[in-house]
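Reader: I would like to go through this model feature by feature. Please give the general idea where there is one, and then the case at hand.

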Amino acid sequence: MNWITHWKKIGIQVKQIFKKQPVGQEEATDWKNCPQCKKISYKPDLFNNSHICECSFHFDLPPKLRLDSLFDSGYEIIEVPDNINPDPLNFEVKEGAREGYKYIDKIKKYRKVTGQQTALMCASGKISNLNAVVVCFNPKFGAGRFGPAESEYFLKAANVAVEKKIDIWIVVYQSSGIDVHTGLVGLAGGMTKSVIAMNEIKKARIPTFAVAARAVAGGTYASNFFMHDFIIIESKCVENLLFSGKRVTANILKGTDQIPDDFGTGPGIMKSGLADITLESRKELKDTITNLASIILKKEESQSSNEE
């Protein structure tokens with residue numbers, strides 16, 4: 001046996017070991033590696049610090065913890081519509097390398113891992129005594145997919161907001177875009193319904209806040225994200241705020257424009273004038289939204305009294 005054959009066999013054994021590891025094993029450890037400073041942090045310490053590393057890198061915050069940090073005390077989860085098919089095309093690969101792959105199995109896995117029926121979690125309650133509806137994307141549910149089930153849930157949350165005549169509407173974005181497995185059904189439904197929902201909220205004169213907590217891409221970026229009154233970037237480490245990836249965009253612009261290094265990052269978005277404010281920390285989010293909302297609502301009250 002020569003050395004090439006020997007190393008090939010070692011490589012095969014390593015791959016088999018990784019394949020045997022259960023999904024989500026990285027979550028079983030009490031330690032987490034920071035992609036920015038490369039240091040390993042103790043998870044309980046991260047939890048106590050709002051999932052923020054010592055270097056200020058912001059890890060993904062689970063939707064439940066997000067809602068806990070924003071609402072004053074108790075809040076009510078808006079129920080998910082239960083009559084929506086999350087896999088309208090019955091997407092399946094019958095031949096090739098992924099033979100037997102069914103997308104509905106993937107959705108079942110996302111539901112088991114997250115404990116959610118969709119990539120969204122929506123709730124209503126009080127934030128600094130202001131009535132609010134908050135929509136949170138969960139990146140662990142298909143990278144924050146926006147499919148038929150999510151668009152219906154988004155629309156239902158908007159209806160609740162209008163019916164209750166709330167004071168503020170907040171959407172925390174961590175979305176890779178429209179779910180490609182749902183084809184035109186997801187594309188037409190997700191983009192169109194979310195735009196309709198935002199328009200209804202605008203008609204009700206409810207101040208709206210978009211919070212970019214991580215990636216915002218594809219159809220989500222191109223439809224409802226920029227319809228908000230305020231675009232808030234949660235921290236300086238936020239990136240992938242773009243319609244398509246850098247490589248795709250570079251191919252489109254080949255021979256014309258050079259893509260800047262900060263393309264799609266929080267600082268780049270601010271420089272382009274596409275966002276209103278970048279926070280130093282997500283700990284500032286509640287106070288920032290409350291202060292902005294108070295100013296807007298007082299201004300609207302003053303305008304209404306003048307009209308009367």
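Reader: How many bridges join strand 11 to strand 12, and do they run parallel or antiparallel?

Author: A caution before the answer: this is a predicted model. As a general idea, strands of a sheet pair through backbone hydrogen bonds, either parallel or antiparallel. Here strand 11 and strand 12 (residues 230-233) run parallel and are joined by four bridges. Within that pairing, Phe-209 stands opposite Phe-230 of strand 12.

Reader: How many bridges join strand 9 to strand 11?

Author: Six bridges join strand 9 to strand 11, and this pair runs parallel. One residue pair to look for is Val-172 with its bridge partner Val-211 in strand 11.

Reader: Is strand 11 enclosed or open to the outside, and how should I judge that?

Author: Count the residues with a relative accessible area under 20%, the cut-off for buried. In strand 11, eight of the nine residues are buried, so the strand is largely enclosed by the rest of the structure.

Reader: In what order do the strands of the open sheet lie?

Author: The order is 3-6-7-9-11-12-13, seven strands in all, with mixed pairing. The edges are held by strand 3 (75-77) and strand 13 (277-278); each has a single partner strand, so one side of each is left without a neighbour in the sheet.

Reader: How does strand 3 pair with strand 6?

Author: Strand 3 and strand 6 are antiparallel, with three bridges between them. Glu-76 stands opposite Ser-124 in strand 6. On the pairing with strand 7, Ser-124 stands opposite Val-133.

Reader: What joins strand 6 to strand 7?

Author: Eight bridges do, and the two strands run antiparallel, strand 7 covering residues 130-137. Cys-122 has Val-135 of strand 7 as its bridge partner. The two strands form a hairpin with two residues between them, and Ser-128 in the turn has a positive phi of about 50 degrees. As for burial, strand 6 is mostly covered, with seven of its eight residues buried.

Reader: Where is Thr-118, just ahead of that strand, and what does it touch?

Author: Thr-118 sits in the loop between helix 4 (103-114) and strand 6 (120-127). A loop residue can be checked for burial like any other: Thr-118 has a relative accessible area of 2%, so it counts as buried. Leaving aside residues up to four places away in sequence, Thr-118 touches Val-80, Phe-141, Ala-149, Glu-150 and Tyr-153. Its side chain also reaches the backbone nitrogen of Leu-120 at 3.0 Å.

Reader: Which strands does helix 3 lie across?

Author: Helix 3 (residues 63-70) lies across strand 3, strand 6, strand 7, strand 9 (168-175) and strand 11 (208-216). Relative to strand 7, helix 3 runs at about 160 degrees.

Reader: How should I read helix 6, starting with what it reaches from its first C-alpha to its last?

Author: Set the end-to-end distance beside the expected one. Helix 6 (residues 183-203) has 21 residues and reaches 30 Å, close to the 30 Å expected at 1.5 Å a residue.

Reader: Which residues of helix 6 are buried, and where do they fall around its axis?

Author: The buried residues are Gly-186, Gly-189, Gly-190, Ser-194, Ala-197, Met-198 and Ile-201. Seen down the axis, they fall within an arc of 140 degrees, so they line one face of helix 6. Leu-184 and Lys-203, on the other side of the helix, are exposed.

Reader: What do the buried residues of helix 6 pack against?

Author: They pack against strand 8 (145-146), helix 5 (148-164), strand 9, strand 10 (177-178) and strand 11.

Reader: Which residue just after helix 6 takes a positive phi?

Author: That residue is Arg-205, with phi at about 60 degrees. Arg-205 is not a glycine, and it lies in the loop between helix 6 and strand 11. With a relative accessible area of 43%, Arg-205 is partly exposed.

Reader: What is the phi of His-51, and is His-51 buried or exposed?

Author: His-51 has a positive phi of about 60 degrees although it is not a glycine. His-51 is found in the loop between helix 2 (43-48) and helix 3. At 15% relative accessibility, His-51 counts as buried.

Definitions and conventions:
Residues are numbered from 1 along each chain as its sequence is written. This is a predicted model: local features need pLDDT of at least 70, side-chain atom pairs count only at pLDDT 80 or more; totals for chains, interfaces and linings use all residues. Side-chain values use heavy atoms; hydrogens and water are left out. Buried means under 20% relative accessible area, exposed over 50%, partly exposed in between (1.4 Å probe, protein chains only). A polar contact is a pair of N or O atoms within 3.5 Å; within protein, one must be able to donate a hydrogen and the other to accept it, and residues adjacent in sequence count only if both atoms are side-chain atoms. Contact means heavy atoms within 4.5 Å. Two strands pair if DSSP finds at least two bridges between them. Axes are lines fitted to C-alpha atoms, for helices over the stretch in contact, and angles run from 0 to 180 degrees between N-to-C directions. The expected span of a helix is 1.5 Å times one less than its number of residues. The arc is that of the directions from the helix axis to the C-beta atoms.
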